[in-house]
Amino acid sequence: MSETAGAATDGATFTSVEDVIDRFAEHGYLADQRLATTVFLQSRLDKPVLLEGPAGVGKTELAKSLAEVTGRPLLRLQCYEGQDESTALYEWDYGKQLLYTQLLREKIGQIVGDATSIAESVDRISAEDSVFFSERFLAPRPLLDAVRSDVPVVLLIDEVDRADEALEAVLLELLAEYQVSVPELGTYVAKHKPYVVLTSNNTRDLSAALKRRCLHLSLDYPDADRELDIIRSKDTGLPDALARTLVEVVRGLRELDLRKAPSISETIDWARTLAVLGAAELTADLLAQTANVVVKYDRDLRRTLEVLPKLVDPNATVPSSRDHGHSHGHSHGGTSHSHDGGDHDHEHDTGGDEPAPADPAGREVRAAKDTPGRHNAPNFGVAPKGTPAVGRGQGERSFRSAGSRGSRRRPV
């Protein structure tokens, strides 16, 4: 066993909280005091660490950096909905068992050849169960691999909140005792207690039993200075002044009601993108051309393009992306309206020199589709309160007017 592995075994990997900060920084991960304290306690108390927070704040990267800093191999279990213990702990290689059964058919025939009854044959075959349910046919998964490993490892259980609660129950034995039970073979106890890091994006609440077994830490987006330091540590190639402006722009985007806020890793990708393009200054046009690096949904992109000029220059005049070359807030001889920058679809005034839209309520439906939380809205597709009602007389006049322009009527 290497000297590094030996040091890791006795839990004295880190000498102090400051040692954690320094050694992580050497590997490009800037840990603050709270995070470094949690890692230090993990190494001394042999407790798993549960990191919760939005996607892209460095939870998974912490486990990777911990493996690099300590020299331990990294084992990763990526959780997903519907996952069961066969993909997390172990499963039996049934194909291999069947192949061996076919190859040994003649031998099995010899074992039961002189049996006088079916019960006796079954008894003789069952006596050989241990041959087919042995480690030879055991297919270990990350959790069992971490326990059986001959060297200390870092076990990353990533996005545990995506898995079903049944998997949490499977994890409890490992997190509490660092052991895994295989009914056919017995209990495996870890030779070297792994560093276990669990991550959660808070898509659902985790059980109290799981949280009780872990050191818990909530991570959020860093402040501007720390995020700038992170970008500097990644050697993106973007000049420091531009990187500072970029950080402020990203922080402004996170304050919007976006479906997915830009993560730290995406900020780094944006900085590298701008450096590759040889950006000499951050203009709203350049950022708009590359905004898809950090914004991954069409609705989010539309909102981003609207606010980018203001984020780059607070004194800038922001033209509406819905102007299409003509002004709003004017009157067409009848009803007039104005746009105040809200997040609604493009609408035309109705009046004397433009025909009324065929489906007024359709505008409300389209607008409702672009509102936050629309999938859970109980009144989806219903016109909001305050919408002027169209009287029966007005409808009849419109119908007669439409009929007078031709003999064929449109279907109502």
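User: Before we start, when do two strands count as paired, and how many bridges join strand 5 to strand 8?

Analyst: Two strands pair if DSSP finds at least two bridges between them. In this predicted model, strand 5 covers residues 154-158 and strand 8 covers residues 195-200, and the two run parallel. The number of bridges joining them is four.

User: Thanks! Which residue of strand 8 is the bridge partner of Ile 157?

Analyst: Happy to walk you along this pair. One step earlier on the path, Leu 156 stands opposite Val 197 in strand 8. For Ile 157, the bridge partner in strand 8 is Leu 198.

User: Which residue of strand 1 stands opposite Leu 198 in strand 8?

Analyst: Strand 1, residues 49-52, pairs with strand 8 in the parallel sense, over four bridges. Within that pairing, the residue opposite Leu 198 is Leu 50.

User: In what order do the strands of the open sheet lie?

Analyst: Five strands build this open sheet, and their pairing is parallel. Strands of a sheet pair through backbone hydrogen bonds. Reading across the sheet, the order is 2-5-8-1-9.

User: Which strands stand at the edges?

Analyst: An edge strand here has a single partner strand, so one side of it is left without a neighbour in the sheet. From one strand to the next, the twist averages 20°. The two edge strands are strand 2 (74-78) and strand 9 (215-218).

User: How many residues of strand 8 are buried?

Analyst: In a regular strand the side chains alternate between the two faces of the sheet. On one side of strand 8, Tyr 195, Val 197 and Thr 199 are buried, and on the other Val 196, Leu 198 and Ser 200 are buried too. Of the six residues of strand 8, the number buried is six.

User: Let's turn to the helices. Are helix 2 and helix 3 roughly parallel or roughly perpendicular to each other?

Analyst: The axes of helix 2 (residues 17-26) and helix 3 (residues 33-45) come within 8 Å and cross at roughly 110°. Their contact involves, among others, Ile 21 and Phe 24 of helix 2 and Val 39 and Phe 40 of helix 3. Angles from 65 to 115 degrees count as roughly perpendicular. Helix 2 and helix 3 are therefore roughly perpendicular.

User: And is the crossing of helix 14 and helix 15 left-handed or right-handed?

Analyst: The axes of helix 14 (residues 240-254) and helix 15 (residues 264-276) come within 11 Å and cross at roughly 140°, and the helices are therefore oblique to each other. The handedness of their crossing is right-handed.

Methods:
Residues numbered from 1 in each chain as written. Predicted model: local features only at pLDDT ≥ 70, side-chain atom pairs only at ≥ 80, totals over all residues. Heavy atoms only, no water. Axes fitted to C-alpha atoms, helices over the stretch in contact; angles between N-to-C directions. Parallel < 35°, antiparallel > 145°, perpendicular 65-115°, else oblique. Contact = heavy atoms within 4.5 Å. Left-handed = near helix turned anticlockwise from the far one by under 90°. Buried < 20%, exposed > 50% of the residue type's maximum accessible area, 1.4 Å probe, protein only.
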